[in-house]
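Got the viewer open? Here's a short walk through the model, one selection at a time.

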Amino acid sequence: MCFQVCREYQRGNCNRGENECRFAHPAESAMIDTNDNTVTVCMDYIKGRCSREKCKYFHPPAHLQAKIKAAQYQVNQAAAAQAAATAAAMGIPQTVLPPLPKRPALEKTNGATGMFNTGFFQYQQALANMQLQQQAAFFPPGKLSVEAC
């Protein structure tokens, strides 16, 4: 996620200050992408987990963090609504797919990420249960012949 850098701040003329301006006021000019005058936000900082001594990403003040979190919440709500609509279109009743629990934050001290996705597992489990509830396939009595190619 990126933020536009305050042009008035760059000129030394921003009257709003870092805690009121809707644009970024980066401490170091090295953070600024000169192609589009933006800074990349440190998502670890947003989550309260940035432990870098000299982070190369922008650590936004509280009012900009709230803006980021609100945008993330809207995206998550839209994704949940889309998933519910897809499940309804597939004929999956809402009782089959319980709401997904919020995942706990994973510690990434060694750079590894968690591969197991509980939400996806629950979805697969619900699909498997639906398939088991369907009628068994009909196999006619008699001998099946299979020829090799």
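Let's begin with a single side chain: is Gln65 buried or exposed? Select Gln65 and switch on a surface. Gln65 counts as buried because its relative accessible area is 14%, below the 20% cut-off. One thing to keep in mind as you look: this is a predicted model.

Keep Gln65 selected and show its surroundings. Leaving out residues up to four places away in sequence, Gln65 touches Tyr45, Ile46 and Pro60. Gln65 itself sits in helix α3, so that helix is the next stop.

**Helix α3**

Select residues 62-89, the 28 residues of α3. Try the distance tool on the two end C-alpha atoms: they are 40 Å apart. That agrees with the 40 Å that 28 residues should span at 1.5 Å a residue. Now colour the buried residues of α3: Leu64, Gln65, Ile68 and Ala87. The buried residues of this helix pack against β1 (2-4) and α2 (43-46), so show those two elements alongside α3. Before leaving, step past the end of the helix to Gly91, which follows α3 and has a positive phi, near 80°.

**The nonpolar core**

Two of the residues you just coloured, Leu64 and Ile68, turn up again here, in the largest nonpolar core. Select its eleven residues as spheres: Phe3, Val5, Ala24, Met31, Ile32, Val39, Val41, Ile46, Phe58, Leu64 and Ile68. Ile46 is in this core, and you have already met Ile46 as a contact of Gln65.

Centre on Ala24 next. What does Ala24 touch, apart from residues up to four places away in sequence? The contacts are Phe3, Gln4, Val5, Cys6, Val39 and Phe58.

**The cysteines**

How many disulfides does the structure hold? Zero. To see how that plays out, pick Cys42, which counts as buried at 2% relative accessibility. The closest cysteine sulfur to that of Cys42 is in Cys50, at 3.7 Å, which is too far for a bond. Then move to Cys55, also buried, with a relative accessible area of 12%. The sulfur of Cys55 has its closest cysteine sulfur in Cys42, 3.8 Å away, again too far for a bond.

**The annotated spans**

Time to bring in the record. An unreviewed UniProt entry lists residues 5-28 and 36-62 under "domain: C3H1-type", and it lists residues 5-28 and 36-62 under "zinc finger region: C3H1-type" too. Select residues 5-28: the end C-alpha atoms lie 11 Å apart, and the span is 21% helix and 0% strand. Then select residues 36-62, where the end C-alpha atoms lie 24 Å apart and the span is 19% helix and 11% strand.

**Zooming out**

Finish with the whole chain as a cartoon. You'll find four helices and two strands, running β-α-β-α-α-α from the N terminus. Buried residues make up 19% of the 149 residues. Among contacts with a separation of 6 or more, 48% join residues 24 or more positions apart. Add a surface for the last view: the accessible area is about 12,100 Å², with 54% of it belonging to carbon and sulfur atoms.

Terms used:
Residues are numbered from 1 along each chain as its sequence is written. This is a predicted model: local features need pLDDT of at least 70, side-chain atom pairs count only at pLDDT 80 or more; totals for chains, interfaces and linings use all residues. Side-chain values use heavy atoms; hydrogens and water are left out. Buried means under 20% relative accessible area, exposed over 50%, partly exposed in between (1.4 Å probe, protein chains only). Contact means heavy atoms within 4.5 Å. Accessible areas come from the Shrake-Rupley method with a 1.4 Å probe; for residues, only the protein chains shown count as cover. A nonpolar core is a set of buried Ala, Val, Leu, Ile, Met, Phe, Trp, Tyr and Cys residues joined through side-chain atoms within 4.5 Å. UniProt positions are given in the numbering used here, feature names are shortened, and annotations may be inferred rather than shown by experiment. The expected span of a helix is 1.5 Å times one less than its number of residues. A disulfide is a pair of cysteine sulfur atoms within 2.5 Å.
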